[in-house]
Each structure stands twice: as C-alpha cells, then as structure tokens.
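Visitor: I would like a close look at one part of this protein, its nonpolar interior, and at how the surrounding elements are arranged about that part. Please take it slowly and keep to what the model shows.

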Amino acid sequence: MKIAVLCGGLSSERDVSISSGTGVAKALAARGHQVLLLDSFFGFAKPFDDPAEVFQRGELTLGGAAIGQDSPDLAAVRAMRADPDQAIGPNVLTLCRAADVTFLAMHGGDGENGRLQAVLDVHGVRYTGSGYLGSALAMHKGVSKALFLQAGIPTPAGRVLTRADKAEAPGFPCVVKPCSGGSSVATLIAHDAAEYAVALEAAWAVEEEVLVESFVRGRELTVGVMDGKAMPVIEIIPKSGFYDYKNKYQAGATVELCPAPIGDAATARAQELAERVTRALHIDVYCRVDLLWDTERDEMSVLEANTLPGMTPTSLIPQMAAAQGMDYGALCEKIIEVSEKKYENADR
Ligand SMILES: Nc1ncnc2c1ncn2[C@@H]1O[C@H](COP(=O)(O)OP(=O)(O)O)[C@@H](O)[C@H]1O
Ligand SMILES: [Mg+2]
C-alpha cells in the first residue's frame with residue numbers, strides 16, 4: 001500500500017506525535033509498504049512531478065523527534081514558516097490524496113479534535129481512526145463528561161469554567177485542566193484556594209474553557225479499545241507525583257504494568273466501561289480510555305478517551321497489543337484494516 005503517515009502539527013503534543021509518526025512509518029515500511037512521513041504543518045516542500053514518485057523515495061524521518069522535558073515552544077515552530085496561519089503545510093493534501101490511506105499519528109489540538117478529520121473528509125482522503133464527530137466529542141473533556149453522565153458512565157464530579165464564570169472554590173483537592181488539553185499540559189492538582197487560583201490561571205493561559213474536577217485518590221488504569229473490543233488493561237504507577245508530562249515521556253519515570261495486576265473482576269469492569277465510552281462518544285476504530293479506581297470505595301470512574309493515543313513503539317496501546325500477541329508492525333496494519341470499515345458506508 002501507499003501510506004502517508006501524518007504527524008507533528010501545532011499542538012502541545014507535537015514532539016510526541018513526531019515520535020509516534022516515525023515509529024509507525026518505519027514499522028509499516030519494514031512490512032513492505034511505500035511510506036511517506038509528513039509533518040502536517042511543514043508539509044513537503046521539495047519539488048516533484050508525480051505524487052506516486054514521492055512515496056517511492058521512502059522518506060521516513062523528520063528532525064526533532066526527541067521528546068523534551070516540557071511541551072514544545074509552538075510560537076518558535078510557527079515562526080519557522082512564512083504562512084503559519086495555514087495549518088496544513090504545502091502538498092500535504094495532494095500527497096494524502098495520492099496515498100491509499102493516511103495514518104494519523106497526530107496527537108492533541110487540531111490533529112485530534114476533528115478539524116483535520118473534517119478537512120480530510122471533504123478532500124476525499126481516507127485516514128485512520130475516528131471521524132470528525134467522535135474526535136471532537138472526545139477532545140472536549142467537558143462535553144465528554146456530559147455524555148458520560150447521560151450514558152450512566154461514572155466520572156468524577158466536575159464543572160467547566162471560563163474567566164467570565166464565578167470561580168467559587170470547589171472542595172479540595174481538585175484537579176484543574178484545559179478542556180481540550182492532552183499529555184497533562186497545564187493540568188494541576190490544587191490543595192487550597194491559593195493553589196486553585198494559580199492552577200486556573202495556568203489552564204486559562206492555554207484555553208478559555210477549563211474543567212475543574214474532584215480529585216480521585218486511587219489506582220490509575222488505561223484501557224485500549226480496538227474495533228469495539230477492549231484490549232488488556234494497563235496500570236500506571238508514576239514513581240513520584242501524578243501522571244504529568246514528565247512522568248508520561250521521560251524513560252523510567254513511570255511503571256506501566258500490563259496486564260494490570262488488579263484481578264479478573266476489576267479488569268472486566270474497566271474493559272466494559274472502556275467499551276461503553278467508545279459508544280457514548282461515537283469513537284471509531286480505536287482509542288484509549290483513562291480511568292481511576294478508588295479502591296477504598298471500590299469505585300471506578302472515567303477521566304477521558306484519547307482518539308489518537310500515543311503510538312511510539314513503547315506507548316501504551318502497543319504494549320496492550322503485545323500482551324495480545326500482536327507486534328508493533330502488525331498493530332499499525334490492524335489500525336489501517338479496521339479503519340477501512342469506516343469507508344464501507346458509501347454515504348461517508
Ligand atoms: N479527577 C482526577 N483525580 C485524580 N487525578 C486526576 C484527575 N484528573 C486527572 N488526573 C491526573 O492527571 C492526568 C491527566 O488527566 P487526563 O484527564 O487523563 O487528561 P490528559 O491525559 O488529556 O492530559 C491523569 O492521568 C491523572 O494522573
Ligand atoms: Mg489522559
């Protein structure tokens with residue numbers, strides 16, 4: 001197959017996405033596909049006559065794939081292109097249209113929130129993962145929470161606040177996070193009114209809408225769902241603090257146990273919740289659902305669903321696939337295969 005792997009973009013998870021894209025591109029090329037790795041923001045600026053010829057060049061690496069201690073400086077990235085207001089770089093749509101399928105290795109922001117998916121739909125590009133609706137519903141943590149409640153899916157109590165709202169202090173501790181964030185960027189736990197004020201400012205600095213949620217003390221679980229069926233559960237144990245940006249991406253900072261040592265009943269409960277989440281949010285193909293398990297009260301609650309979860313070779317979904325006997329390259333192909341089903345309905 002001719003496969004365009006799209007990554008990078010202008011989200012706070014840009015570096016993670018380049019790392020995912022590079023892993024996916026190399027694995028698919030190793031399985032005999034003609035692969036082109038593209039940064040959706042920088043596009044493909046070198047001259048070419050026939051798009052098909054670009055796929056034969058086998059461009060599988062981009063600069064800047066290392067994930068730093070903190071999320072990237074996006075203003076500096078934008079300044080590197082003359083027309084940064086056009087979020088999709090040169091020739092991206094032409095090359096994706098020429099591919100049999102576009103593998104979305106984007107994370108966060110416009111790559112994961114449905115905007116890119118809608119643009120690709122309009123241009124007749126076939127891509128992996130959720131369509132625009134599921135992407136948008138899952139990206140907004142406030143909207144997701146409303147849908148969880150409607151579907152009877154347990155989730156921590158929470159409220160969306162803008163600067164215009166009266167920000168009365170909730171019970172402490174509480175968690176403050178941008179509604180459409182990811183990778184825990186600008187997410188803080190507040191233990192008192194002073195910390196709460198700082199946390200709100202930090203979250204409002206990146207987004208107008210902020211979710212304030214009650215803090216759940218418990219074990220952290222995450223469950224992949226592929227083609228409607230839950231994958232093995234992973235338990236996440238950061239060595240210190242909570243699962244913030246550093247603990248997510250610095251090697252050795254967090255212990256990830258797969259399958260989670262939580263017993264059959266809790267495993268089944270987490271998996272059942274994850275499958276219900278994908279239905280409640282109209283998610284297609286695959287996703288990863290983050291949960292907390294308050295073992296004292298024996299209550300599980302859902303935090304969020306990720307429609308384009310991390311796909312570096314050591315990311316969580318690849319670990320779950322490995323526990324099912326599916327290696328990384330086979331997982332990348334499986335995502336493509338399941339994504340084809342989206343296009344079986346002629347009206348899409
Ligand atoms: N209500 C909560 N109670 C306890 N910890 C939380 C809560 N919400 C988020 N966290 C912590 O913050 C991390 C990131 O939150 P999450 O809602 O998954 O957003 P994202 O992963 O998109 O940044 C979680 O993995 C968890 O460690
Ligand atoms: Mg999360």
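Guide: In this predicted model, the largest nonpolar core counts 76 residues, and the members that touch the most others are Val 5, Leu 6, Val 223 and Leu 291. The element that gives the most to this core is strand E11, residues 286–294, which supplies 6 residues. Both domain 1 (2–129) and domain 3 (217–341) give residues to the core, so the core lies between these two domains. There is also a second, separate core, made of 17 residues, and Val 16, Ala 190, Ala 199 and Leu 211 are among them.

Leu 6 is a useful place from which to look outward. If its neighbours within four places in sequence are set aside, Leu 6 is in contact with Leu 38, Ser 40, Cys 96, Thr 102, Phe 103, Leu 104, Ala 105 and Met 106. Strand E1 covers residues 2–7 and pairs with E3 in the parallel sense, over 4 bridges; one such pairing joins Ile 3 to Val 101 in E3, its bridge partner. These strands belong to an open sheet of 3 strands in the order E2-E1-E3, with parallel pairing. Strand E2 (34–39) and strand E3 (101–104) form the edges, each pairing on one side only, and neighbouring strands of the sheet are turned against each other by 25 degrees on average, direction ignored. Helix H1, residues 14–30, lies across E1, E2 and E3 and runs at about 165 degrees to E1.

Further along the chain comes helix H6 (residues 115–122), whose buried residues are Leu 116, Gln 117 and Leu 120. Because these residues cover an arc of only 100 degrees around the axis, they are on the same side of H6. The elements that cover the buried residues of H6 include E3, together with helix H4 (92–98), helix H5 (109–112) and helix H7 (132–139). After H6 comes Gly 124, with a positive phi near 70 degrees.

H7 appears again in the surroundings of helix H8, since the buried residues of H8 pack against H7, strand E4 (158–161), strand E5 (174–178), strand E7 (210–214), helix H11 (263–280) and strand E12 (299–306). The residues concerned in H8, which spans residues 141–150, are Lys 141, Ser 144, Lys 145 and Phe 148, each of them buried. Seen down the axis of H8, its buried residues fall within an arc of 100 degrees, and they therefore line one face of the helix. H8 is followed by Gly 152, whose phi is positive and near 70 degrees.

To place these parts in the whole chain, the domain assignment gives domain 1 (2–129), domain 2 (157–214) and domain 3 (217–341). The centres of domain 1 and domain 2, taken over C-alpha atoms, are separated by 32 Å, and the contact takes 7 residues from domain 1 and 4 residues from domain 2.

As a counterpoint to the buried positions, consider Ala 194, a residue of helix H9, which runs over residues 193–204. Ala 194 counts as exposed because it has 9 C-beta neighbours inside 10 Å, where the cut-off for an exposed residue is 12 or fewer. Its C-alpha atom is 32 Å from that of Asn 113, a residue 81 residues apart from Ala 194 along the chain.

Technical notes:
Residues are numbered from 1 along each chain as its sequence is written. Chains are lettered from A and ligands numbered from 1 in the order in which they are written. This is a predicted model: local features need pLDDT of at least 70, side-chain atom pairs count only at pLDDT 80 or more; totals for chains, interfaces and linings use all residues. Two strands pair if DSSP finds at least two bridges between them. Helices (H or I, at least four residues) and strands (E, at least two) are DSSP runs, numbered from the N terminus. Axes are lines fitted to C-alpha atoms, for helices over the stretch in contact, and angles run from 0 to 180 degrees between N-to-C directions. Two residues are in contact if their C-beta atoms, placed from the backbone, lie within 7 Å. A nonpolar core is a set of buried Ala, Val, Leu, Ile, Met, Phe, Trp, Tyr and Cys residues joined through C-beta atoms within 7 Å. A residue is buried if 20 or more other C-beta atoms lie within 10 Å of its own, exposed if 12 or fewer, and partly exposed in between; C-beta atoms are placed from the backbone. Domain bounds come from an automatic or database domain assignment. The arc is that of the directions from the helix axis to the C-beta atoms.
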